[in-house]
Amino acid sequence: MTTRVPTASWRKLALQSLFGALAGAGAMIAAMTLLEGELPVWQKSQIILVGVGMIYVLMGLFVGLGVLAPRLLGQRMLNVADAEEIVEERGNLGASAVSCTAIGAALVLLAYATVDGANAPVTASTAYWILLALLVAGTIIMLPMWRNFDELWRQLAVDASALAGNILMTMCFAWGGAAAAGLVTGPDPLDLVSAAFGIFLLATFITVGRRGMMMPT
């Protein structure tokens, strides 16, 4: 038996994807334009971390706008059945939006603070402590949210964490072992930060997709 998805739902998914792609491209172009004079001294690892951070920021902004205007924007931008679904989960979605935006901005700040000659507002060590503090705060915020999760969402979180852990373990073994053997260049410290946040995000999308929760609604 095949489940047919209405054409309107596919159109919604296409518009969401197009809007997300345009927003991401616009954000990266804006960032590179603002930093045009300093771009030549940026290293590949720093640019990758900025990209990962921007993904978190955009995710947080999209969800935040959807929570603030569930009927005007939320039910169109987010993959939900209707505005009422957003209203019911407003607390969890709002906390997630703030956390994603803050952590993404901290990742960008950490990358920028490590650029030679950059006019960063803080030192690299301060940027690190800011990111660490945000992670601790996010964990504290997550505890009451976890108690409110139903069985499905708890299982999704466990599955995503397990998948991310396995991918990271494989990457660390393959990359670290090959570097120790002199076969490749070892990872830059920022590469480890990018991998930790980027792989967890990838694992989350894979886990949600396996459950069919990324299909258009």
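Which residues is Phe197 in contact with, leaving aside its neighbours within four places in sequence? They are Val52, Tyr56, Ile103, Leu107, Leu131 and Leu135. The model discussed here is predicted. The protein has eight helices and zero strands, and the points below move from the overall fold to individual residues.

**Overall fold**

- Read along the sequence, the pattern is α-α-α-α-α-α-α-α.
- The protein has 217 residues, and buried residues make up 31% of them.
- Among contacts with a separation of 6 or more, 68% are accounted for by residues 24 or more positions apart.
- About 13,100 Å² of the protein is exposed, and carbon and sulfur atoms supply 69% of that area.

**Phe197 in helix 8**

- Phe197 is found in helix 8, which spans residues 189-210.
- Phe197 counts as buried because its relative accessible area is 14%, under the 20% cut-off.
- One of its contacts is Ile103; the two residues are 94 apart in sequence, with their C-alpha atoms 9.7 Å apart in space.
- Leu135, another contact of Phe197, also belongs to a nonpolar patch on the surface.

**Asp191 and Ser45**

- Asp191 also lies in helix 8, whereas Ser45 lies in helix 2, residues 44-68.
- Asp191 is buried but has no salt bridge. The nearest side chain of opposite charge is that of Lys44, 6.8 Å away; this is not a salt bridge because the cut-off is 4 Å.
- The side chains of Asp191 and Ser45 make a polar contact at 2.8 Å.
- Not counting residues up to four places away in sequence, Asp191 touches Ser45 and Trp175.
- Ser45 has a relative accessible area of 9% and is therefore buried, the cut-off being 20%.
- With residues up to four places away in sequence again left out, Ser45 touches Asp188, Leu190, Asp191 and Ser194.

**Helix 6 and the nonpolar surface patch**

- Tyr128, Trp129, Leu132, Leu135, Val136 and Ile140 form a nonpolar patch on the surface. Together these residues have about 580 Å² of accessible area.
- Ile140, one of the patch residues, lies in helix 6, which covers residues 124-148.
- Ile140 has a relative accessible area of 54% and so counts as exposed, the cut-off for that class being over 50%.
- Trp146 lies in helix 6 as well. At 32% relative accessibility, Trp146 is classed as partly exposed, because this value falls between the 20% and 50% limits.
- Leaving aside neighbours within four places in sequence, Trp146 is in contact with Arg154, Ala157 and Val158.
- Trp146 and Ala157 are eleven residues apart in sequence, and their C-alpha atoms are 9.5 Å apart.

**Val98 in helix 5**

- Val98 is found in helix 5, which runs over residues 90-113.
- Its relative accessibility is 57%, so Val98 counts as exposed.
- Val98 and Val57 are 41 residues apart along the chain, and 9.1 Å separates their C-alpha atoms.

Terms used
Residues are numbered from 1 along each chain as its sequence is written. This is a predicted model: local features need pLDDT of at least 70, side-chain atom pairs count only at pLDDT 80 or more; totals for chains, interfaces and linings use all residues. Side-chain values use heavy atoms; hydrogens and water are left out. Helices (H or I, at least four residues) and strands (E, at least two) are DSSP runs, numbered from the N terminus. Buried means under 20% relative accessible area, exposed over 50%, partly exposed in between (1.4 Å probe, protein chains only). Lys and Arg count as positive and Asp and Glu as negative; His and the chain ends are not counted. A polar contact is a pair of N or O atoms within 3.5 Å; within protein, one must be able to donate a hydrogen and the other to accept it, and residues adjacent in sequence count only if both atoms are side-chain atoms. Contact means heavy atoms within 4.5 Å. Patches are made of residues with over 30% relative accessible area and no salt bridge: like charges are joined within 9 Å, nonpolar side chains (Val, Leu, Ile, Met, Phe, Trp, Tyr) within 5 Å. Accessible areas come from the Shrake-Rupley method with a 1.4 Å probe; for residues, only the protein chains shown count as cover.
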